Amino acid sequence: MRKTSRAAFVKTLLIAALALMCASAAVAASCESLSSLKLPDTAITAAEAVAAGAFTPAETGRGGKGKGGGNTYADLPAFCRVTATIKPSADSDIRMELWMPATGWNNKFEAEGNGGWNGSITQNALAGAMRLGYAASMTDTGHEGGSASFALNHPEKQVDFGYRAVHELALKSKAIIQAFYGQAPKYSYWNGCSSGGRQGLKEAQMFPGDFDGIIAGTPVNDLVGRALGSVWMGQATHETEGSAIPAAKYAVIHKAALDACDALDGVKDGVIENPEVCKFDPVSIQCGGADSNDCLTAAQVATARKVYSGVINPRTKELVFPGLEPGSELGWGTQVGANPFGVGVDYFRYFVFKNPDWDYKTLNFDSDVTAAVKAAGGVMNAMDPNLKAYFDRGGKILQYHGWADQQMSPGNSPKYYKSVLDKMGGASKVMDNYRLFMVPGMGHCGGGAGATDTFDKRSILEQWVEQKKAPEKIVASTAMGNKTRPLCPYPQVAVYNGNGSTDDAANFSCKAK
Ligand SMILES: [Ca+2]
């Protein structure tokens, strides 16, 4: 008995000592000492302890100035800021930045996704995550500036943008976190939209060990398809002088689309719940006589039809890439304006035809499609439906996409989701790890009149990863908070129960359409 209690006492002492050691090891290394950290292919360019409220963004340099000016950062806690350059190939020049709170770390790592062709680090995104307790990092994807000119005759930089910069970011961030705190992050997350959504899916497909959970917002995972779509809509708009749709008419088409499809979901609220069942043909507003501000000419009807139809192979009539959806019209200036969408066209200029002066009007939607995919599709797209390795290690993907997206065709998200179902053996094999939420009325990564585009992606994903609580539905609100709606796991849609306020999510159910 005595021996046992003595052993228990010693054990208690040991535990107490260990606890003390852990407490003192909240930070295992000084921030400055990280500048001598040796990591493969990596030069630590700065490691500086920043006092609470003392951070001021650089005026110049590739790190970029945070949006909103210096005062935005006045509420930041003390943190360790590490910047590094990674060169996994001779032509690589990947910059990264990692912010680690000095106290109050939530034991988690979150990497922030990029937008467009990026070429910069958004310190505001790092600050946003660190305020919540995360160690947060981001890469510039391996080049400077927002166009795709970096890719011209630089295949290694294409690989860096395609996937390597993000994978390196994950590896190096985890190593630096381990060195600073003396322990690995308990959970690692990816948080991205648009390009960032593509990056997240690419990670799940190629490097399943990097992240426990991935927020894949509005993924441009068929980047080649998006490029084709931009040229398709550009050609339609500028086929003849009369083909262009004046911006003043976007609202006219929008109203006609709503007249045709808003009420199909049982609630007339200016939002089309499910464009997949909306059969809107803009010929319904074709001018009876002379052109006027409230109707479309025959040439403009033809353009609008092409925007909705998506890219069609002129020979086989096959759908190559989906179009924009009814309800998106107010944002058409992005793709159907005076010039075609440059982010899309850049792919042809710098990856496919290697000519900055390439004329988008020369693209052939039959013979050039194969060349477009072949040029860099394997590197740039993230369409591989095989997510087995990611599912097997318990990884979760929360994907969302606005049905009124004006930039990345929403139909691509269900298309990819279905391809995963086909590959993995149906919904029962997928729903524990991957769910898609289409957001009615929402534009590119957010916004949209009347759309319930506001929901806490981080909490939803973390409950799924950490508490195994899968999102059956998401209660989202408008930015003003005056309306809530459930977002439903695709292919379910929100259906009004018939009683109570239509501005209250409680009066809707997620149902198979
Ligand atoms: Ca409606």
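This is a guided tour of a predicted model, going from the whole chain to single residues.

**The whole chain**

Begin with everything shown, and turn the model slowly before selecting anything. The chain holds 13 helices and 15 strands. Its radius of gyration is 25 Å, close to the 24 Å that the globule rule gives for 513 residues, so the chain is as compact as a globular protein of that length. If you draw a box along the principal axes, the C-alpha atoms fill roughly 100 × 60 × 50 Å. Of the 513 residues, 47% count as buried. Among the contacts with a separation of 6 or more, 68% are between residues 24 or more positions apart.

**Strand β10 and its partners**

Now select residues 396-402, which form strand β10. Is β10 largely enclosed by the rest of the structure, or is it open? Of its 7 residues, 7 are buried, so the strand is largely enclosed by the rest of the structure. To see how this works on both faces, colour K396, L398, Y400 and G402, which lie on one side, and then I397, Q399 and H401, which lie on the other; the residues of both sets are all buried.

Keep β10 on screen and add residues 213-217, which are strand β7. These two strands pair in the parallel sense over 5 bridges, and within this pairing you can find I215 standing opposite L398 of β10. Next add residues 434-439, strand β11, which runs parallel to β10 and is joined to it by 6 bridges. Here the residue to look for is F437 of β11, the bridge partner of Y400.

With β10 and β11 still visible, show helix α12, residues 412-424, and follow the path from β10 over α12 to β11, because together they make a right-handed β-α-β unit, in which the path runs clockwise when the strands point away from the viewer.

**A stop between β10 and α12**

In the loop between β10 and α12, select S409. This residue counts as buried because 26 C-beta neighbours lie inside 10 Å, and the cut-off for that label is 20 or more. What does S409 touch, once its neighbours within four places in sequence are left aside? S409 is in contact with G229, G310, F321, P322, G323 and L324. You can also draw a distance from S409 to G447, which is 38 residues away along the chain; their C-alpha atoms are separated by 15 Å.

**Two helices to compare**

Select residues 195-206, helix α4, which has 12 residues and reaches 16 Å from its first C-alpha to its last, close to the 16 Å expected at 1.5 Å a residue. In α4, 11 of the 12 residues are buried, so this helix is largely enclosed by the rest of the structure. Among the buried residues are S195, R198, L201 and Q205. To see what surrounds them, display α3 (155-181), β6 (187-193), β7, α5 (223-237), α11 (388-392) and β10, against which the buried residues of α4 pack.

Then move to residues 367-380, helix α10, whose 14 residues should span 20 Å at 1.5 Å a residue, which agrees with the 20 Å between its end C-alpha atoms. Look along this helix to K374, where α10 bends by about 45°. The buried residues of α10 are A372, A375, A376, G377 and M380, and they pack against α3, α5 and α9 (342-352).

**Three places with backbone details**

Most residues other than glycine have a negative phi, and most peptide bonds are trans. With that in mind, select N118, in the loop between β4 (108-112) and α2 (123-131). Phi of N118 is near 40°, a positive value in a residue other than glycine, and N118 is buried, with 24 other C-beta atoms within 10 Å.

Go on to C445, in the loop between β11 and α13 (457-467). Phi of C445 is near 70°, again positive in a residue that is not glycine, and with 21 C-beta neighbours inside 10 Å this residue counts as buried.

The last stop is P491, in the loop between β13 (484-487) and β14 (492-496). Show the backbone from Y490 to P491, where the peptide bond is cis, with omega near 10°.

How values were computed: Residues are numbered from 1 along each chain as its sequence is written. This is a predicted model: local features need pLDDT of at least 70, side-chain atom pairs count only at pLDDT 80 or more; totals for chains, interfaces and linings use all residues. Helices (H or I, at least four residues) and strands (E, at least two) are DSSP runs, numbered from the N terminus. Two strands pair if DSSP finds at least two bridges between them. The radius of gyration is taken over C-alpha atoms; the globule rule is 2.2 Å times the number of residues to the power 0.38. Two residues are in contact if their C-beta atoms, placed from the backbone, lie within 7 Å. The expected span of a helix is 1.5 Å times one less than its number of residues. The bend at a residue is the angle between axes fitted to the seven residues ending there and the seven starting there.
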